[in-house]
Amino acid sequence: MMTWKTLMSPDSASPLMEQLTFLHDHALMILLMITVLVGYLMASLFVNKFNYRYLLEGQTIEMIWTILPAVILIFIALPSLRLLYLLDEVNNPLVTVKTIGHQWYWSYEYTDFANIEFDSYMIPSNEMEDYHFRLLDVDNRIAVPYNSQIRMIVTAADVLHSWTIPTLGVKIDATPGRLNQISFLLNRTGIFFGQCSEICGANHSFMPIVMESISPECFISWIYNMSEI
Amino acid sequence: MTETESSPKVVASVDVKVIEEVTKPVVAEVKAPVQEEPKVVVPLVEEKMPSLETAPFDPRFPNTNQTRYCYSSYLDFYRCQKVKGESYKPCQYFKKVYNSVCPNSWVEKWNDQREDGTFPAKI
């Protein structure tokens, strides 16, 4: 989850997010090297004594500093395009979870096998327990089996919202009258947090998303328990 | 000279042995709980729940917007039922899809519209 100390990407819980993190780190490393090089050149300009009044041209160096940036850009573009296409890969999901954004809570539906619907409200700060994360914990979490492809269908009931979980690299707008699909796979068990990412009124900051990743056996028991309620 | 040459080799082999000893019990511990879990849960699974299955990927709707997938499946189910009759089992595929993909509020609204005769499409 994001804390005040999170300067770079959060630890990923999904293979696609892992790849996004790697691309980010790769591109940032190239940028850092360019910045250090330019910074060094500019700093050395202050302290060097090079002086040549009759400078007219330097064809070789001009060739180098034209071709070299093109090569650097190729090094950035190829992994980027590879990941861009990887994100659009077709996959067959195991479970479909629907989420509907309301003002100001999310409701979730699991209708593949049993008709399970529930609302997910943020736990207010005055009702918080010691183990809760302030403004992030909810009363009912979405449970999902790990190592399984999950299809998430996101829509809204009133105004625009946006459903996101940063550790999964997922952010998708919830638009009234439209069903947006996003597919992901969780690598590990755990509890993952996100917050509504499209301004939707007074309590836009107070409608978080909490996803709990559990083993398939536990998921089936959870479905069974929820369908009895 | 010989002492300094031999000492790195001795240290390396000790490290490998230590690593092997450390990982073996960890692997053994991990295996035990995995063997226990299915025994507890399997009776529940077999008695109560079906296998995990959902609406498959439809190449007619490969992109993010799945509104048409939901709406088409809903229409296809009721049209299939009207043409083939209520007891025709293959129509249930469309019902499974629209139940998985469409929000319940949309399905209820369309059901009410069909009963009132105000449903916007022809079935």
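Here are legends for three close-up views of this predicted model.

**View 1. A nonpolar patch on the surface of chain A.** Seven side chains are worth picking out here: Ile34(A), Leu37(A), Val38(A), Tyr40(A), Leu41(A), Met42(A) and Leu45(A) together make a nonpolar surface patch of about 710 Å². To find your way around, start from Val38(A), which sits in helix H1, residues 15-47 of chain A. Val38(A) counts as partly exposed because its relative accessibility is 38%, a value between the 20% and 50% cut-offs.

**View 2. Where chain A meets chain B.** On the chain A side, 30 residues are in contact with 27 residues of chain B. The two chains bury about 2500 Å² between them, and carbon and sulfur atoms account for 62% of that area. Look for Leu179(A), Ile220(A) and Tyr224(A): in chain A these residues lose the most area to chain B, together 24% of what that side buries.

**View 3. Polar contacts and the elements behind the chain A side.** How many salt bridges are there between chain A and chain B? The count is 0, while 15 residue pairs are in polar contact across the two chains, with both partners at pLDDT 80 or more. Strands E1 (95-102), E5 (149-156) and E8 (180-185) of chain A, along with helix H3 (216-228), each supply at least two residues of the side that touches chain B. Helix H3(A) gives the largest share of that side, 6 residues.

Note on methods: Residues are numbered from 1 along each chain as its sequence is written. Chains are lettered from A and ligands numbered from 1 in the order in which they are written. This is a predicted model: local features need pLDDT of at least 70, side-chain atom pairs count only at pLDDT 80 or more; totals for chains, interfaces and linings use all residues. Side-chain values use heavy atoms; hydrogens and water are left out. Patches are made of residues with over 30% relative accessible area and no salt bridge: like charges are joined within 9 Å, nonpolar side chains (Val, Leu, Ile, Met, Phe, Trp, Tyr) within 5 Å. Accessible areas come from the Shrake-Rupley method with a 1.4 Å probe; for residues, only the protein chains shown count as cover. A salt bridge is a side-chain nitrogen of Lys or Arg within 4 Å of a carboxyl oxygen of Asp or Glu. Helices (H or I, at least four residues) and strands (E, at least two) are DSSP runs, numbered from the N terminus. Buried means under 20% relative accessible area, exposed over 50%, partly exposed in between (1.4 Å probe, protein chains only). Contact means heavy atoms within 4.5 Å. Buried area is the accessible area (1.4 Å probe) that two parts lose on being put together, summed over both. A polar contact is a pair of N or O atoms within 3.5 Å; within protein, one must be able to donate a hydrogen and the other to accept it, and residues adjacent in sequence count only if both atoms are side-chain atoms.
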